[in-house]
Amino acid sequence: MTPIVSVVIPTFNRATLLVKAIESVFAQTYRDYEVIVVDDGSVDNTREILKPYCQRLRYFHQQNRGASAAQNKGIELAKGEWISVLASDDEWLPTKLERQFEALGTLGEDFHACFTDCQFTGNRDLHQTTFELGGLKKFGSFGVLDNPVHYVLARHAVIYVQSLLVRKSLINELGGFDEAMVVAEDTDLLLRLALKTKFCFVSEPLVKIDRTTSRPRLIALFSLKSEKMFSSKEHMFRKWLSLPEMANPEVRAQICESLRSLYSDWTIRNLYQFRFFEAFAKMRKGRRMGDSYLRILSKLAFRAVRKVCTSLTRKRSLVEKKTLS
């Protein structure tokens, strides 16, 4: 029989964590689902780990092509009317799917996407839930997200793909995850979904998102300010500005400012690496986005001074500690 939900779990060298993610799906109180694991070129013992589950899930192995390609392959293989993606190092609480379908049934057929609150694990500094961090007010068990674009663009994310339940037909209409991106592909899809459908949510934190600091993950590309991060975000912002649905002038202005800021950061990164030609090229792109050279240079000077001040503060703190000891 055709399942209602297809649960897609992309994975890459996460054999030791993958079983917890799978077991959290098998523990769901809502039972009308299939599980699809897409192995994106793992070289660990992922295949062996999954052998005991071979009768309960569908397994697909492909050459390493990145997170977007793995998720898209799972969506392509999916038979369900609804799609839910679970990262291979995260977990669902048992009532996650059940509560989401309760919300969708209560709020009506206009909602083609539903998400839940989430909690972080593995990092003591992250003690608030995603709703608390993002400032989403909760009144009752279920809610309607007014202006979802605002929440996608906010500093602290409220909607995480790991908690999302969305119609497959809508994802297919949008072309799925953008395989040209190596980071922020989830944010990109969420923004495009927010322009197409209404979102509802379940107020309970029904997803555990792993944020163990010692574990390598793609999010590290943000902190490292890698070229892949910069080029992916540039691609994303420019694509957003080209969308015919992106008509709101305030939202467009916000995206343009984010793009200008990206070019400033990119320029600084290239200067630190003594890549002066590339730095000037990024500065020119910022200029074409409306930044004057004076403003760009002012930003560079401000950040240079701030970095020096931060370095001096750290050195002073170390000297004081040594003196006291």
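**A guided look at salt bridges, helices and a nonpolar patch**

Visitor: Is D188 buried or exposed?
Guide: Welcome! Keep in mind as we look around that this is a predicted model. The relative accessible area of D188 is 0%. Buried means under 20%, so D188 is buried.

Visitor: Which residue pairs with D188 in a salt bridge, the closest N and O atoms being 3.0 Å apart?
Guide: Side chains of opposite charge can pair when their charged atoms come close. Look along helix α8, 4 residues from D188, which is about one turn of the helix. The partner there counts as buried too, at 8% relative accessibility. The residue that forms this salt bridge with D188 is R192.

Visitor: Which residues are joined with D188 and R192 into one network?
Guide: We have already met the pair D188 and R192, both in helix α8. Salt bridges that share partners bring in further residues. Joined to D188 and R192 in one network are D178 and K239.

Visitor: How many residues apart are E81 and R167?
Guide: The side chains of E81 and R167 meet in a salt bridge, at 2.3 Å from N to O. E81 sits in the loop between α3 (67-77) and β4 (82-85), while R167 belongs to strand β8. The pair therefore links distant parts of the chain, and both residues are partly exposed, E81 at 40% and R167 at 21%. Their separation along the chain is 86 residues.

Visitor: What distance, N to O, goes with the salt bridge of K196 and E173?
Guide: K196 lies in the loop between α8 (185-194) and β9 (198-210), and E173 lies in helix α7, so this pair ties together parts that are 23 residues apart in sequence. K196 counts as partly exposed, at 37% relative accessibility. The side chains of K196 and E173 meet at an N to O distance of 3.6 Å.

Visitor: How many salt bridges does the structure hold?
Guide: We have visited some of them, including D188 with R192 and E81 with R167. For the whole structure, the total is 17.

Visitor: Are α11 and α12 roughly parallel or antiparallel?
Guide: The axes of these two helices come within 8 Å and cross at roughly 170 degrees. Angles over 145 count as roughly antiparallel. So α11 and α12 are roughly antiparallel.

Visitor: Which residues in α11 meet residues in α12?
Guide: Start on the α12 side, where the partners include F276, A279 and M283. Now step across to α11. The residues there that meet α12 are Y263, W266, T267, N270 and L271.

Visitor: Is F274 buried or exposed?
Guide: F274 is placed in the loop between α11 (249-272) and α12 (276-288). With L271 and F276, F274 forms a nonpolar patch on the surface, about 340 Å² of accessible area together. The relative accessible area of F274 is 64%. The cut-off is over 50%, so F274 is exposed.

Visitor: What distance separates the C-alpha atoms of F280 and T267?
Guide: F280 is in helix α12 and is partly exposed, at 43% relative accessible area. T267 is one of the α11 residues that meet α12. F280 and T267 are 13 residues apart along the chain, and their C-alpha atoms are separated by 7.1 Å.

Visitor: Where does I9 lie?
Guide: I9 counts as buried, at 0% relative accessibility. Leaving aside neighbours within four places in sequence, I9 is in contact with several residues, among them L18, V37 and L86. I9 lies in strand β1.

Terms used: Residues numbered from 1 in each chain as written. Predicted model: local features only at pLDDT ≥ 70, side-chain atom pairs only at ≥ 80, totals over all residues. Heavy atoms only, no water. Patch = residues over 30% accessible without salt bridge, like charges linked within 9 Å, V, L, I, M, F, W, Y side chains within 5 Å. Areas by Shrake-Rupley, 256 points an atom, 1.4 Å probe, with all protein chains shown as cover. Salt bridge = Lys/Arg side-chain N within 4 Å of Asp/Glu carboxyl O. Buried < 20%, exposed > 50% of the residue type's maximum accessible area, 1.4 Å probe, protein only. Axes fitted to C-alpha atoms, helices over the stretch in contact; angles between N-to-C directions. Parallel < 35°, antiparallel > 145°, perpendicular 65-115°, else oblique. Contact = heavy atoms within 4.5 Å.
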